[in-house]
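Here is a small set of exercises to work through with the model open beside you. Try each task before you read its solution.

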Amino acid sequence: MSHLLEVKGLEASYGNINVLHGLDFNLEDGGVTTILGANGAGKTTTLRAISGMVSRKGDIRLMDKQLVTLGTADITRQGIAHVPEGRGTFVRMSTEDNLKLGAYSRRDKAEITQDIEKVFSYFPILKQRRTQQAGTLSGGEAQMLAVGRALMLRPRLLLLDEPSFGLAPLIVQELFAILKRINVEEGVSMLLVEQNASLALELADHAYLLETGNIVISGTSDSILENESVRRSYLGY
């Protein structure tokens, strides 16, 4: 596989506070990469930096296209969809209207309708809730809607920030099984930030461990699972 995303020397800050200190990492085309780390390590900031949501410098290239000089809207148009922590759905709009909003940059209505049905095929519960206000959905349904809305962009890369947060274990297992299907069936690459390290490593093929804004360990998911310090600190055994 070739590199879809290449990040070199990535620094990011909030005002005068530097959070990322020169990250280097790659994501393979069609692959799933996870970023692990404790709260405050800089995981969410990494996703925000890729999306152009924080002050950053360095190189971020999507298939050799430099993203650091682009704003968030233009980065989205390059094929990067961001599913933020906390879902980010429009609570007063219906489930179906939320999905349509995800396709705001597209013009072919027939294709949009087709893709809504495809989202419903992955998340059948959303079809049952298509006319329901998003604010009345359960946490799991709202997370599925957030992923579905991102898919309406037909992204090449999906950024996922803590998709399991606040969800019941059975819902989490269902959601991650669907994410695996989307990766395999649609060929959508994914960069996953997830506190549940065991679950993240099960989905991902490559992993980076972030500590205080620096990458300290990287490798295949299997090699990370075999790392004793990672198992002890993040997997609990």
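Lys127 has a relative accessible area of 41%, so Lys127 is partly exposed; here buried means under 20% relative accessible area, exposed over 50%, and partly exposed in between (1.4 Å probe, protein chains only). Before going on, note that this is a predicted model, in which local features need pLDDT of at least 70 and side-chain atom pairs count only at pLDDT 80 or more, while totals for chains, interfaces and linings use all residues. Residues are numbered from 1 along each chain as its sequence is written, and side-chain values use heavy atoms, with hydrogens and water left out.

**Exercise 1. Salt bridges**

Find the salt-bridge partner of Lys127, then work out which residues share a network with Lys127.

Step 1. Start with the rule: a salt bridge is a side-chain nitrogen of Lys or Arg within 4 Å of a carboxyl oxygen of Asp or Glu. The structure holds 12 of them.

Step 2. Lys127 pairs with Glu117, and their closest N and O atoms are 3.5 Å apart. Glu117 belongs to helix H4 (residues 109–122) and Lys127 to helix H5, so-called distant parts of the chain, 10 residues apart. Helices are DSSP runs (H or I, at least four residues) and strands likewise (E, at least two), numbered from the N terminus. Glu117, at 31% relative accessibility, is partly exposed.

Step 3. Follow the shared partners: salt bridges join Glu96, Glu117, Lys127 and Arg130 into one network.

Step 4. Within this network, Arg130 bridges to Glu96 with the closest N and O atoms 3.0 Å apart. Arg130 sits in the loop between helix H5 (124–128) and helix H6 (139–151), and Glu96 in helix H3, so the pair ties together parts that are 34 residues apart in sequence. Arg130 is partly exposed at 23% relative accessible area, whereas Glu96 is buried at 17%.

Step 5. For another example, look at Arg106 and Asp115, whose closest N and O atoms are 2.9 Å apart in a salt bridge. Both residues are buried.

**Exercise 2. The open sheet**

Which strands stand at the edges of the sheet, and how do the strands pair?

Step 1. Two strands pair if DSSP finds at least two bridges between them. Strand S1 (residues 3–14) and strand S4 (residues 55–62) are antiparallel over 7 bridges, and Val7 faces Ile60 in S4.

Step 2. S4 also pairs with strand S5 (residues 65–66), again in the antiparallel sense, over 2 bridges. Here Arg61 is opposite Gln66 in S5.

Step 3. Look at the turn: S4 and S5 make a hairpin with 2 residues between them, and Met63 in that turn has a positive phi of about 50 degrees.

Step 4. Put the order together: 4 strands make an open sheet, S2-S1-S4-S5, with antiparallel pairing. S2 and S5 are at the edges with a single partner strand each, so one side of each has no neighbour in the sheet.

**Exercise 3. A residue in strand S2**

Is His21 buried or partly exposed, and which residues is His21 in contact with?

Step 1. His21 lies in strand S2 and is partly exposed, at 38% relative accessibility.

Step 2. Contact means heavy atoms within 4.5 Å. Setting aside neighbours within four places in sequence, His21 is in contact with Leu10, Glu11, Thr212, Gly213 and Asn214.

Step 3. Now compare sequence with space: His21 and Leu137 are 116 residues apart in sequence and 39 Å apart in space, C-alpha to C-alpha.

**Exercise 4. An aromatic pair**

Classify the pair formed by Phe25 and Tyr208.

Step 1. Rings of Phe, Tyr and Trp (its six-membered ring) pair if their centres lie within 6.5 Å; planes under 30 degrees apart count as stacked, over 60 as edge-to-face and the rest as tilted. This rule gives a count of 1 aromatic pair.

Step 2. Phe25 and Tyr208 are 5.6 Å apart centre to centre, with 55 degrees between the planes, and the pair is tilted.

Step 3. Place the rings: Phe25 is in strand S2 (residues 17–28) and Tyr208 in strand S9 (residues 206–211), 183 residues apart. Phe25 is buried at 3% relative accessible area, and Tyr208 is buried at 9%.
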